[in-house]
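Here is a protein chain to look at with some care. The questions that follow ask how a label is earned, and each answer sets a value against its definition.

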Amino acid sequence: MLYLRHMDFLKGFDLASLPRKKYMVIKYVLDHPDEAILMNTADLAEKLKVDPVTIIKACQGVGLEGFHDLKKRLKETVRTGSKRGSFNQVLSEFEVNTSTDEAIRNALSRDLEMLTRTIEKISFEKIIEACKAIVASRQTYIIGLGYIGAVATYLQSLLRSHLPQTHAVTEYNGMLFDYMGHFGKGDVVLAVGFDQCQNQTIKALKKAKEKGATTIALTDSEYSPLCAYSKHELFVYTAPNYFLSPLIGAFSICNAIKHCIVEITKPQSTRQSKAYQKLVEEENVYYN
């Protein structure tokens with residue numbers, strides 16, 4: 001991400017003038033900003049096989065207070081750069097001459113990588129905490145606006161037979177405002193948003209927190225604006241410059257939430273599943 005090299009605090013600074021280890025630290029952060037902003041000092045030190053003090057001194061060597069200061073600056077630069085160039089970068093990938101077989105294989109391989117990395121990134125404890133809140137809720141509202149509405153609708157369909165007080169909020173303005181008027185204590189509001197998160201999703205989660213609802217964010221970064229208003233965060237891994245990539249991990253986490261809630265609510269959940277299956281058989285829903 002070359003635009004990072006033009007960050008204001010680096011203008012006029014000759015990185016090559018840094019001692020070798022300090023140069024290695026700064027160069028790695030600039031070359032891997034999305035990864036670096038999710039690390040702490042100890043994580044980066046272990047990754048680069050240096051002393052944590054070296055990380056701090058490297059940041060001070062370019063005029064910053066420390067690694068936390070560097071991450072704050074990276075956060076805004078990455079967000080701004082992503083908004084400006086991510087779609088163009090996606091289009092540039094499509095312009096590369098590859099066979100149809102290669103294109104299909106690459107897409108499936110990336111999906112597999114994203115699911116594998118999501119498993120590594122997600123906190124099982126956070127999923128359990130979120131599921132307990134949903135089970136105990138008076139009403140659960142799942143906000144997914146725009147193309148993310150597919151995630152909200154999918155999660156509602158998974159939970160509806162066990163928790164009928166579950167609502168998918170997928171439309172802007174009127175529908176969203178109507179539901180926002182009902183947010184309150186005892187409710188759960190789960191907001192789904194990635195990368196350029198919709199402003200209305202952010203405002204709705206903020207309103208839910210102000211009204212005393214338990215708030216959950218399903219997003220792709222601890223620096224998502226949704227995290228400022230969430231009690232529980234569920235993170236997915238996304239491949240850089242891959243169009244709609246967050247949805248792969250999001251649908252998978254929805255499945256995990258479903259299974260977790262079924263386990264938490266046994267034996268009631270198994271009785272409900274059997275009753276559902278009986279209705280399906282009685283109505284002869286599927287072709288035999």
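**Labels and their cut-offs**

D69 is buried, with a relative accessible area of 14%. This is a predicted model, in which local features need pLDDT of at least 70 and side-chain atom pairs count only at pLDDT 80 or more, while totals for chains, interfaces and linings use all residues. Residues are numbered from 1 along each chain as its sequence is written, and side-chain values use heavy atoms, with hydrogens and water left out.

Q: Why is D69 called buried?
A: Buried means under 20% relative accessible area, exposed means over 50%, and partly exposed lies in between (1.4 Å probe, protein chains only). D69 has 14%, so D69 is called buried.

Q: What makes R73 partly exposed?
A: The relative accessibility of R73 is 36%, which falls between the two cut-offs, and therefore R73 counts as partly exposed.

Q: How do you know that the side chains of R73 and D69 meet in a salt bridge?
A: A salt bridge is a side-chain nitrogen of Lys or Arg within 4 Å of a carboxyl oxygen of Asp or Glu. For R73 and D69 the N to O distance is 3.5 Å, so the pair fits the definition. The two residues are four apart in helix α5 (residues 67–94), and therefore they are separated by about one helical turn; helices (H or I, at least four residues) and strands (E, at least two) are DSSP runs, numbered from the N terminus.

Q: What makes R117 and E120 a salt bridge, and where do they lie?
A: Their side chains meet at 3.6 Å, N to O, which is within 4 Å, so the label applies. Both lie in helix α6 (residues 100–121), three residues apart, about one turn of the helix. E120 is exposed, because its relative accessible area of 58% is over 50%, whereas R117, with 34%, is partly exposed. E113, R117 and E120 are linked in a network of salt bridges.

Q: Why is the pairing of E263 and K266 called a salt bridge?
A: The distance is 3.0 Å, N to O, so this pair also meets the cut-off. A search of the whole structure finds six salt bridges.

Q: What makes a set of residues a nonpolar core, and how many residues has the largest?
A: A nonpolar core is a set of buried Ala, Val, Leu, Ile, Met, Phe, Trp, Tyr and Cys residues joined through side-chain atoms within 4.5 Å. The largest has 30 residues, and those with the most contacts inside it include I134, V151 and L190. The largest share of this core, seven residues, comes from α11.
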